[in-house]
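Biologist: I would like a close look at a single part of this chain, with the reasoning spelled out step by step. Could you take me through what you have computed there?

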Amino acid sequence: MIREICVDSYLSAKTAVEVGAEQVELVSMTSVGGVTPSYGLIKKVLELPIRTMVMIRPRAAGFCYSEEDKAVMLEDVAMAKEMGAQGIVFGALKEDRSLDEEWIRKIVKEAGSMEIVFHRAFEVIEDKIAAAKTLRDLGVHRILTKGGNSLEEGKEILKQLIQIPGIQIISGGIRPHTIDLVKEIGLNYVHISSNKNILDPSTSGTGIYYGTTNSPEDEYYPVADREYLKGILQALSD
């Protein structure tokens, strides 16, 4: 089983190495589902002894991109390739929630020999079996999906997806209570997210906020939860 951990900091990537994960998906801002990480973060994580898949997503709020968004994405793919990342993770949809095949083809071409993962933009596509086959034919190597909002919801479609030749399925939704379900479905590639919040005292209690709302969450930042991850990885190995 290949166990990938989603991380958005160098500290969290180090934790992923230390707990024995085989791979990280490197993003920024897990709070919005991830966007493209910075050059400096990619550079530092690539110094670690772990396979690194870089998120290519120029903004939050969906996956239907403007020409300006696409220009940025191509530059980010080129950067990740030049820096030596093992692969990229991206999604691309049209307004009707179908695959943007023309744009996917361009990203695949720019990626060259890197591994290519289509991420959870896949969840909103109605005919997932047909979409998976199309992605395979376009040159995508893996799809990150729960089959819906949860493993429980997506169980039956995941069982079908993993039978499609020529493309791998990575499943998220890995929690202590879904370990048995992972084994029932027959998943051998899993994606794990786990964060605990750390207080930054420099702004705590000041009443000044830096986001769109005056939320207490503004005073915290996420890091990977080492003990939780150790437990999950051990349970997956048993």
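The request comes first, and one connected answer follows.

Biologist: Which residues of α1 are buried, and which elements do the buried residues of α1 pack against? Please begin with S9, in the loop between β1 and α1, and go on to the residue by which α1 is followed.

Modeller: Please keep in mind that this is a predicted model, and that what I describe is computed from its atoms. S9 is found in the loop that runs between β1, residues 2-7, and α1, residues 10-19. Although S9 belongs to a loop, it counts as buried, because its relative accessibility is 17% and the cut-off for buried is under 20%. The side chain of S9 makes a polar contact, at 3.0 Å, with the side chain of S12, and S12 is itself among the buried residues of α1.

Turning to the helix, the buried residues in α1 are S12, A13, T15, A16 and V19. Seen down the axis of α1, these buried residues fall within an arc of 155°, and therefore they line one face of the helix. As for what they meet, the buried residues of α1 pack against two strands given by the names β1 and β2, the latter spanning 23-26, and also against α2 (39-45), β10 (220-224) and α8 (226-237). β1 thus appears twice in this picture, since it borders the loop that holds S9 and is also one of the elements against which the buried residues of α1 pack. After α1 comes G20, whose phi is positive, near 100°.

A positive phi deserves some context, because most residues other than glycine have a negative phi. Two residues elsewhere in the chain may be set beside G20 for this reason. A61 is not a glycine, yet it has a positive phi of about 75°; A61 is found in the loop between β3 (51-55) and α3 (67-83), and it counts as exposed because its relative accessibility is 72%, the cut-off being over 50%. R97, likewise not a glycine, has a positive phi of about 70°; R97 lies in the loop between β4 (87-90) and α4 (101-111), and at 57% relative accessibility R97 also counts as exposed. S9, by contrast, is a loop residue that counts as buried.

Technical notes. Residues are numbered from 1 along each chain as its sequence is written. This is a predicted model: local features need pLDDT of at least 70, side-chain atom pairs count only at pLDDT 80 or more; totals for chains, interfaces and linings use all residues. Side-chain values use heavy atoms; hydrogens and water are left out. Helices (H or I, at least four residues) and strands (E, at least two) are DSSP runs, numbered from the N terminus. Buried means under 20% relative accessible area, exposed over 50%, partly exposed in between (1.4 Å probe, protein chains only). A polar contact is a pair of N or O atoms within 3.5 Å; within protein, one must be able to donate a hydrogen and the other to accept it, and residues adjacent in sequence count only if both atoms are side-chain atoms. The arc is that of the directions from the helix axis to the C-beta atoms. Contact means heavy atoms within 4.5 Å.
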